[in-house]
Amino acid sequence: MKRIWSMQQPFGQTSETLRETLGISPVVADILAQRGFRQPEEAIEFLRPTLLNLCSPFCFRDMFRVIDRLSLALEQKEKVLVYGDYDVDGVTSTALLYKVLTDLGFQAVTYIPHRQDEGYGLHSEAIERAAKAGVKVLITVDCGVTSVSEVGFARTLGIDVIITDHHEAPEILPEAFAILNPKIRDSGYPFRDLAGVGVAFKLAQALLQSLGNSEVGIHSEIELLDLVALGTIADLVPLIGENRIFVHHGLYQMKETHHPGLSALLEECGLKHKPLKAGQIGFLVAPRINAVGRMDSARVGLELLLTEDSERASELARLLTKENLSRQETEKEILAEAISLVEREPIPKVIVLSSNHWHHGVIGIVASRLVERYYRPVFMIAEEGEEAKGSARGISGYPVLEQLSTQAHLLTKFGGHKAAAGFSLRTEAIEKFRVGLNEQALVFEETLFLEELKIDRHVSLEMVTGRLLHELEQMAPFGFGNPGPILACKGIPVHSVNVVGKERSHIKFRFGSRGEKEGIAFRLGERLQELNSEARLDAAFSLDWNTFRGPEDVQLMIKDIQVEADWRERPITEGEKSRDVYQEVAATLDEPELEWLDWRKLQPEEWPLPSNKGRIWVWNTTGCEPCLQRWSDFLDKECPEEENPGEGLATLNVIPNKIQDEEESLGLILGLPLTEEDLREGLEKLRQIGVYRIAFAGFHTVHEERVRQRCGSLAREELIQIYRDLSTQAKKGNPFRFGSDSKITGNRQIALKIFEELGLIRCLGGTDEFALEWIPAQSKLDLDTSLRYRNAKEWLGRAIKFQRKLLEVPLDKNGL
């Protein structure tokens, strides 16, 4: 099926700013801009993930309550049950939390339900057995937020249930002792996309920070990150924000893991002691743990992650490989049969297949394979007598859970989200279910069922170099939410085409007039004849190293290749519409034009304000952070962190002179904007609410120290002092804890990030207080090699120059 190749236009000034500031290629600058990084400092935080940016676990509203209850359980030696799930996220969550609890001295036990016998989530029978075994506290991981009746049952048995979960919450929540889930209303946690293992880790952080002791060790948090990375990658949550930090550092930790079971599993996969990529973990490691949960019991995978016996770990790793091979064979058989069923007739808009001999544990994987092959929503159903269980996978723009709800009258149970779901129904209702879904699909546009390949950047073959690949690798780890960049060449010269592989199923290309670049297209062997006769082709690809030909040889990993691709321009989303609105400071906008008023030299009592104060908006730059306020809100609530709110601003409530057009809205740029970005943001926000008369008012002298703080720029002397403080503490003991007296100031946190970039420290964990490892410098260091330091210093210089311009440059009809 031929795909549409869609690509956005380059991002102009935004890309150019990123390129100049970060010293990167136009290709990578464009890709960063497309992915939402408009300012260099945003891009730097993305390119340099740091544990210093993790949120405190106590942001969760219920976390203090949880720690109080678990402290009591520890004191009274109560039995605590960690109740998990049978997928990789659930297994890693269970292993992680159990390890921390037992290390801290808790009487902890674990339980994971059997996929076939019990199914997902909390079960009353298991809760009843736990009560008889003396369990007083039950902690769910990766499940529980929908278990209203089961939690109620646990309460009647005297068990306090603490839910840690990340799934979408129902309107009515369980009456648990506490709930840690970033997706519930008012959870308090600022990042909602954590995996189940991410939530479990936040609880582990809180436990270690509150109840930790000398026996647990200062390395405890970082030594858990390999498990966090494994579960996060496997659960396909977006690799952005904290998930990106977890996976970036977790992959490094995984290379030298302290868990014998994970070490044995990596060795079984041929990955031990090698640099690791998220894709390798997702395709080689995670499926082995998932396989036992799908085919039999996930408790084997849990034992692997918990064992301290290296020989037992190797034995279990081999068993997981055997189970995975069995799963692959079962999957291959079901997939072949499913393809045969689909291709008997014209392919429908929605594929619904069923059989009485399919293994329910693998039909979800097969559904994903069919989506890849046909680009249609797929509903796979395993018939089990009069009952049937199904798994659904969707395509972009097709809301799986919503479409399932249209057939709710035929279903006995269903749940999931936009991209995937599970459901149950009576076997006799399957045909009506198939017809109903396809009738519902008629409401969608035909274009929904055309697959779109999103191209990140058009390049020439000459631009494909090792240097470009090195730059692109800084954007890793790649996965859902941060896909590996796809580049494309138009009319690329083809030197040679050959089939390779045992089954001759792959195609190897040599591109360029002399065959200087190699490309590989997997599972496209059947297209050899079509492609072999063409002198030029359009190719879409990612880049990787070809280690066979040398460490710096770049290989094109073909995603699609066509004689002439169907190129389309990708529409700009709402969030991107404001990009590059201004090409220079205060540039004239589209109609209606801005009207500029120069009140910079006027005293506040001289400002000709309209009498209708409801039409005045203030872009207030006099405080801690610039903000947009209504006039009345500004008068009632000045920024509490502002030390010098500006001379004369207290007289703003005097009776003003009237301006000519009282009905027209007025915008005040109040106070001297600290940076060019602050002014641009204010003008754009005023424009968005329809304000086109702009007055510059309340301007005073340049406050260099405030500008320095806003830009995050530390003087060399300040960095030297913090460096000495760290060195002094390291001499007393290394690793060491830093910031225990009080919360670390913003400047000190900036300094820590710079020192981490320079390789002088390693963060081992913590939030308000950090565990740090001191790494003595081997040679003299150049501060400018830190992206953060260099960018802040350059930003400071630009900002001060800009402020002086605001004070001195005349104002005309085009602005400043």
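**Helix α10, strand β21 and the salt bridges of a predicted model**

Reader: How do you know that the length of helix α10 (residues 241–255) agrees with what a helix should span?

Author: The expected span of a helix is 1.5 Å times one less than its number of residues. For the 15 residues of α10 this gives 21 Å, and the end C-alpha atoms are 22 Å apart, which agrees. Helices (H or I, at least four residues) and strands (E, at least two) are DSSP runs, numbered from the N terminus. This is a predicted model, in which local features need pLDDT of at least 70 and side-chain atom pairs count only at pLDDT 80 or more, while totals for chains, interfaces and linings use all residues. Residues are numbered from 1 along each chain as its sequence is written, and side-chain values use heavy atoms, with hydrogens and water left out.

Reader: What makes α10 mostly covered?

Author: Eleven of its 15 residues are buried, where buried means under 20% relative accessible area, exposed over 50%, and partly exposed in between (1.4 Å probe, protein chains only). Among them are Ile245, Phe246, Val247, Leu251 and Met254.

Reader: Which elements do the buried residues of α10 pack against?

Author: They pack against α3 (40–47), α8 (196–211), α9 (220–234), α11 (260–268), α12 (278–295) and β26 (761–766). Contact here means heavy atoms within 4.5 Å.

Reader: Why is strand β21 (residues 616–620) called largely enclosed?

Author: Five of its five residues are buried, so β21 is largely enclosed by the rest of the structure. Ile616, Val618 and Asn620 lie on one side and Trp617 and Trp619 on the other, and both faces are covered.

Reader: What makes β21 paired with other strands, and in which sense?

Author: Two strands pair if DSSP finds at least two bridges between them. With strand β23 (residues 666–670) there are five bridges in the parallel sense, and Leu668 of β23 is the bridge partner of Val618. With strand β22 (residues 627–630) there are four bridges in the antiparallel sense, and Leu628 of β22 is the bridge partner of Trp619.

Reader: Why is the contact between Glu386 and Arg426 called a salt bridge?

Author: A salt bridge is a side-chain nitrogen of Lys or Arg within 4 Å of a carboxyl oxygen of Asp or Glu. The closest N and O atoms of Glu386 and Arg426 are 3.3 Å apart, and the pair therefore meets the rule. Glu386 lies in the loop between β8 (378–384) and β9 (387–393) and Arg426 in strand β11 (residues 420–426), so the pair ties together parts that are 40 residues apart in sequence.

Reader: How do you know whether Glu386 and Arg426 are buried, partly exposed or exposed?

Author: Glu386 has 56% relative accessibility and counts as exposed. Arg426, at 31%, is partly exposed.

Reader: What makes Arg527 buried while its partner Glu530 is partly exposed?

Author: Arg527 has 14% relative accessibility and counts as buried, whereas Glu530 has 37% and is partly exposed. The two form a salt bridge with their closest N and O atoms 3.0 Å apart.

Reader: How many salt bridges are there by this rule?

Author: The count comes to 42. Glu45, Arg48, Lys753, Glu757 and Arg788 are linked in a network of salt bridges.

Reader: How do you know that the chain agrees with a compact globule?

Author: The globule rule is 2.2 Å times the number of residues to the power 0.38, and the radius of gyration is taken over C-alpha atoms. For 816 residues the rule gives a value near 28 Å; the chain has 30 Å, which agrees.
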